[in-house]
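Work through the exercises below with the sequence and the structure open. Each task is followed by a solution in steps.

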Amino acid sequence: MEKILKSNQKEVIKNNMHILFTRPLEDSQQLILKFKDLGHKVSHMPVIKIEKVEHEKINFSDYKGIIFTSANALKFLDANFIDKKIACFCVGNATEKKALSLGFQNIITAEGNVRTLKELILQNFNSSDGKMIYISGENISNDLDKNLVTEGYNIKRVINYTSKPNHKLDVNFIEKLRLNMPEVVYIYSQNSALSFLNLINSYNLNDFWMNTNLMCISEKSSSVLNKIKWKKIFIFSPGEEEFLLYKI
């Protein structure tokens with residue numbers, strides 16, 4: 001297995017690509033570093049910004065399990081009144097790392113996939129174990145809480161952040177992008193797709209993507225960008241970013 005992985009890594013480096021990430025830096029940093037280590041050129045164009053949402057006061061002692069599908073939910077969490085031994089479920093490594101930094105001890109982590117996270121919850125937390133709380137952003141690509149309710153779980157969703165579109169980009173960045181367009185761009189939400197579309201319209205970049213592969217987190221997000229001419233369009237789940245490169 002180790003030899004196969006090394007061979008694959010060499011293949012990626014040999015066919016190094018220009019990859020564009022569109023999430024905020026905090027959400028993209030690990031992938032940016034990973035892809036650079038694999039020999040790829042990486043550009044970062046954040047199309048949204050994250051802002052805190054005020055919500056009702058939470059009595060965390062009422063809950064036996066807590067769920068996070070984004071590190072941003074932890075970023076805006078007041079963790080001082082939470083028992084750090086609570087069963088904590090995280091969607092991926094970046095979210096787990098943030099949870100660890102806040103002192104959570106009993107963490108179970110999926111590999112960036114909400115469907116896998118649901119299965120891990122079903123396997124490790126019984127509906128009879130008590131109520132769960134799901135801290136999330138305003139816009140989510142998967143109704144995890146509703147899916148768990150259908151499985152008999154008592155779960156409350158609390159929104160503690162939202163995403164807003166970026167309206168301006170650095171002019172020097174745009175000029176460099178025109179001269180060296182990416183072969184791959186990752187879009188992580190329908191809101192990100194809308195913001196991306198508005199930005200490329202604003203900077204007259206609509207006709208520059210014919211040799212770019214679009215990676216979208218859902219059909220909804222890809223449908224927003226269907227009017228743009230892409231080389232190919234792929235649907236992916238978080239955690240599959242590197243795997244998708246082998247399909248190109």
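**Exercise 1. Decide whether Asn 72 is buried or exposed, and list what it touches.**

Step 1. The model is a predicted one. In it, Asn 72 has a relative accessible area of 3%. The cut-off for buried is under 20%, so Asn 72 is buried.

Step 2. Asn 72 belongs to helix α3, residues 71–75.

Step 3. Set aside the neighbours within four places in sequence; the contacts of Asn 72 are then Glu 26, Asp 27, Ile 50 and Tyr 161.

**Exercise 2. Classify His 55 in terms of accessible area and find which residues it contacts.**

Step 1. His 55 sits in the loop between β3 and β4 (65–68).

Step 2. The relative accessible area of His 55 is 36%. Buried is under 20% and exposed is over 50%, so His 55 is partly exposed.

Step 3. With neighbours within four places in sequence left aside, His 55 contacts Val 158, Ile 159 and Asn 160.

Step 4. His 55 and Tyr 161 are 106 residues apart along the chain, and 9.4 Å separates their C-alpha atoms. Tyr 161 is also one of the contacts of Asn 72.

**Exercise 3. Determine how many disulfides the structure holds, and explain the case of Cys 88 and Cys 90.**

Step 1. The count of disulfides is zero.

Step 2. For Cys 88, the nearest cysteine sulfur is that of Cys 90, 3.9 Å away. A disulfide requires the two sulfur atoms to be within 2.5 Å, so the sulfur of Cys 90 is too far from that of Cys 88 for a bond.

Step 3. Cys 88 is buried, at 0% relative accessibility. Cys 90 is likewise buried, at 0%.

**Exercise 4. Check the length of helix α8 and describe its surroundings.**

Step 1. Helix α8 covers residues 190–202, which is 13 residues. At 1.5 Å a residue, the expected span is 18 Å.

Step 2. The end C-alpha atoms of α8 are 18 Å apart, so the span agrees with the expected one.

Step 3. The buried residues of α8 are Ser 192, Ala 193, Ser 195, Phe 196, Leu 197, Leu 199 and Ile 200.

Step 4. The elements that cover these buried residues include the strands β1 (18–21), β3 (48–52), β8 (155–165) and β9 (184–187), and the helix α9 (219–224).

Step 5. Just after α8, Asn 204 has a positive phi of about 55°.

**Exercise 5. Lay out the sheet of five strands and find which strands stand at its edges.**

Step 1. The sheet is open, its order is β2-β1-β9-β10-β11, and its pairing is parallel.

Step 2. At the edges are β2 (41–44) and β11 (232–235). Each has a single partner strand, so one side of each lacks a neighbour in the sheet.

Step 3. On average, neighbouring strands of this sheet are turned by 20° against each other, direction ignored.

Step 4. At one end of the order, β1 and β2 pair in the parallel sense over four bridges, and His 18 has Lys 41 in β2 as its bridge partner.

Step 5. At the other end, β10 (residues 213–216) and β11 pair in the parallel sense, also over four bridges. Met 215 stands opposite Phe 234 in β11. Together, β10, α9 and β11 form a right-handed β-α-β unit.

Step 6. Helix α2 (residues 25–37) lies across β1, β2 and β9 and runs at about 170° to β2.

**Exercise 6. Lay out the sheet of six strands and state how its strands pair.**

Step 1. This open sheet has the order β3-β8-β7-β4-β5-β6, with mixed pairing. Its edge strands, β3 and β6 (107–109), each pair on one side only.

Step 2. β3 and β8 run antiparallel and are joined by five bridges. Lys 52 stands opposite Tyr 161 in β8.

Step 3. β7 (residues 132–137) pairs with β8 in the parallel sense over six bridges, and Met 132 stands opposite Ile 155 in β8.

Step 4. β4 and β7 pair in the parallel sense over four bridges. The bridge partner of Phe 68 in β7 is Ile 135.

Step 5. Two helices complete the picture. Helix α4 (residues 93–101) lies across β4, β5 (87–90) and β6, at about 170° to β6. Helix α5 (residues 114–124) lies across β4, β5, β6 and β7, at about 160° to β5.

Terms used. Residues are numbered from 1 along each chain as its sequence is written. This is a predicted model: local features need pLDDT of at least 70, side-chain atom pairs count only at pLDDT 80 or more; totals for chains, interfaces and linings use all residues. Side-chain values use heavy atoms; hydrogens and water are left out. The expected span of a helix is 1.5 Å times one less than its number of residues. Buried means under 20% relative accessible area, exposed over 50%, partly exposed in between (1.4 Å probe, protein chains only). Contact means heavy atoms within 4.5 Å. Two strands pair if DSSP finds at least two bridges between them. Axes are lines fitted to C-alpha atoms, for helices over the stretch in contact, and angles run from 0 to 180 degrees between N-to-C directions. A crossover is right-handed if, with the strands pointing away from the viewer, the path from the first strand over the helix to the second runs clockwise.
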